[in-house]
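Subject: Structure handover

Hello,

Here is the structure we spoke about, for your files. My notes on it follow underneath.

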Amino acid sequence: MSPLSPRKHRAQGLDFEDYVRIRHDNLMRSARRLVADPLDAQDLLQTALMRTYRRWDRIADKRLADAYLRRVMINTRTQWWRARKLEELPVEQLPDASVEDSTDQHADRALLIDIMRVLAPQQRRVVVLRHWEQMSTDETAAALGMAPGAVKSTLHRALARLRQELQRRDPDSASASATGRGCPPADRRAR
């Protein structure tokens with residue numbers, strides 16, 4: 001293999017840089033399909049890009065660069081998996097590992113999201129900012145361009161409407177709603 005002249009090397013380097021700039025998002029999606037964690041996907045892509053850059057001049061048909069790079073990602077992920085596998089040590093007795101059942105929590109969240117659709121858009125915004133985003137009354141008012149008093153009254157009406165809809169859809173939760181456990185209570189003080 002003949003040594004590359006500096007000019008030719010720069011041209012190939014720019015060629016690779018252009019390729020990465022153009023294809024980065026697609027390659028990141030491929031990496032995300034191979035590993036669950038987003039940070040691991042970034043590491044996987046960076047490692048694959050580094051390994052591909054070293055062999056960039058050997059890829060005769062640059063149209064096949066995506067396939068080459070994906071193969072490098074798959075091989076790299078397999079190497080990582082094998083290395084992690086060696087870190088496991090057998091033990092005589094398995095530790096007690098209990099998994100919390102969050103089925104009810106997911107069902108409650110799905111019901112609440114569905115019930116939120118009965119609210120007017122402004123009421124939805126106020127409820128989301130106050131209870132999901134944990135903004136104070138004043139912060140919510142500033143974000144929505146409303147007076148703090150309007151935020152409080154809108155929130156009060158929205159929570160009352162949510163309780164009504166919850167009671168209509170799920171009569172068993174009516175007692176929980178009456179005691180304040182079904183929907184978040186309206187916070188009367190500004191944080």
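One residue to start with: Gln134 has a relative accessibility of 45% and therefore counts as partly exposed (buried is under 20% relative accessible area, exposed is over 50%, and partly exposed is in between, with a 1.4 Å probe and protein chains only). Gln134 sits in the loop between H5 and helix H6 (137–144). Its phi is near 55 degrees, a positive value in a residue other than glycine.

Before the rest, some notes on the source. This is a predicted model, in which local features need pLDDT of at least 70 and side-chain atom pairs count only at pLDDT 80 or more, while totals for chains, interfaces and linings use all residues. Residues are numbered from 1 along each chain as its sequence is written, and side-chain values use heavy atoms, with hydrogens and water left out.

Overall make-up

The protein has eight helices and zero strands (helices are DSSP runs of H or I with at least four residues, strands are runs of E with at least two, and both are numbered from the N terminus). Read from the N terminus, the order of elements is α-α-α-α-α-α-α-α. Of the 191 residues in the protein, 27% are buried. Among contacts with a separation of 6 or more, 57% join residues 24 or more positions apart (contact means heavy atoms within 4.5 Å).

The two cores

The largest nonpolar core has 18 residues, and the members that touch the most others are Tyr19, Ala31, Leu45, Leu49 and Leu69 (a nonpolar core is a set of buried Ala, Val, Leu, Ile, Met, Phe, Trp, Tyr and Cys residues joined through side-chain atoms within 4.5 Å). Two or more residues of this core come from each of helix H1 (6–34), helix H2 (38–54) and helix H3 (65–86). H1 contributes the most, with six residues. Ala31 is in contact with Ala41, Leu44, Leu45 and Met73, leaving aside neighbours within four places in sequence. A second, separate core has 13 residues, including Ile115, Val126, Val127 and Leu166.

Two buried residues

Thr76 is in helix H3 and, at 0% relative accessibility, counts as buried. Apart from neighbours within four places in sequence, Thr76 is in contact with Leu44, Thr47 and Arg51. Thr76 and Arg51 are 25 residues apart along the chain, and their C-alpha atoms are separated by 9.6 Å.

Ile115 belongs to helix H4 and also counts as buried, at 2% relative accessibility. Not counting residues up to four places away in sequence, Ile115 touches Leu162, Glu165, Leu166 and Arg169. The C-alpha atoms of Ile115 and Arg161 are separated by 9.3 Å, with their positions 46 residues apart along the chain.

Helix packing

Which residues of H4 and H7 meet? Leu111, Asp114, Ile115 and Met116 in H4 meet Leu162, Glu165, Leu166 and Arg169 in H7. By type, the residues of this H4 and H7 contact are five nonpolar, no polar and three charged (Ala, Val, Leu, Ile, Met, Phe, Trp, Tyr, Cys and Pro count as nonpolar, Asp, Glu, Lys and Arg as charged, and the others, Gly among them, as polar). Helix H4 (residues 103–116) and helix H7 (residues 148–169) pack at about 120 degrees, with axes 10 Å apart (axes are lines fitted to C-alpha atoms, for helices over the stretch in contact, and angles run from 0 to 180 degrees between N-to-C directions). H4 and H7 are therefore oblique to each other (under 35 degrees is roughly parallel, over 145 roughly antiparallel, 65 to 115 roughly perpendicular and the rest oblique).

H4 also packs with helix H5 (residues 121–132), at an angle of about 145 degrees and with the axes 11 Å apart. Arg109, Leu112 and Met116 of H4 make this contact with Arg124, Val127, Val128 and Trp132 of H5. Its residues divide into five nonpolar, no polar and two charged.

For H6 and H7, the axes come within 8 Å and cross at roughly 100 degrees. H6 is therefore roughly perpendicular to H7. The contact is formed by Thr137, Asp138, Thr140 and Ala141 of H6 with Pro148, Val151 and Lys152 of H7. Here the split is three nonpolar, two polar and two charged.

Regards
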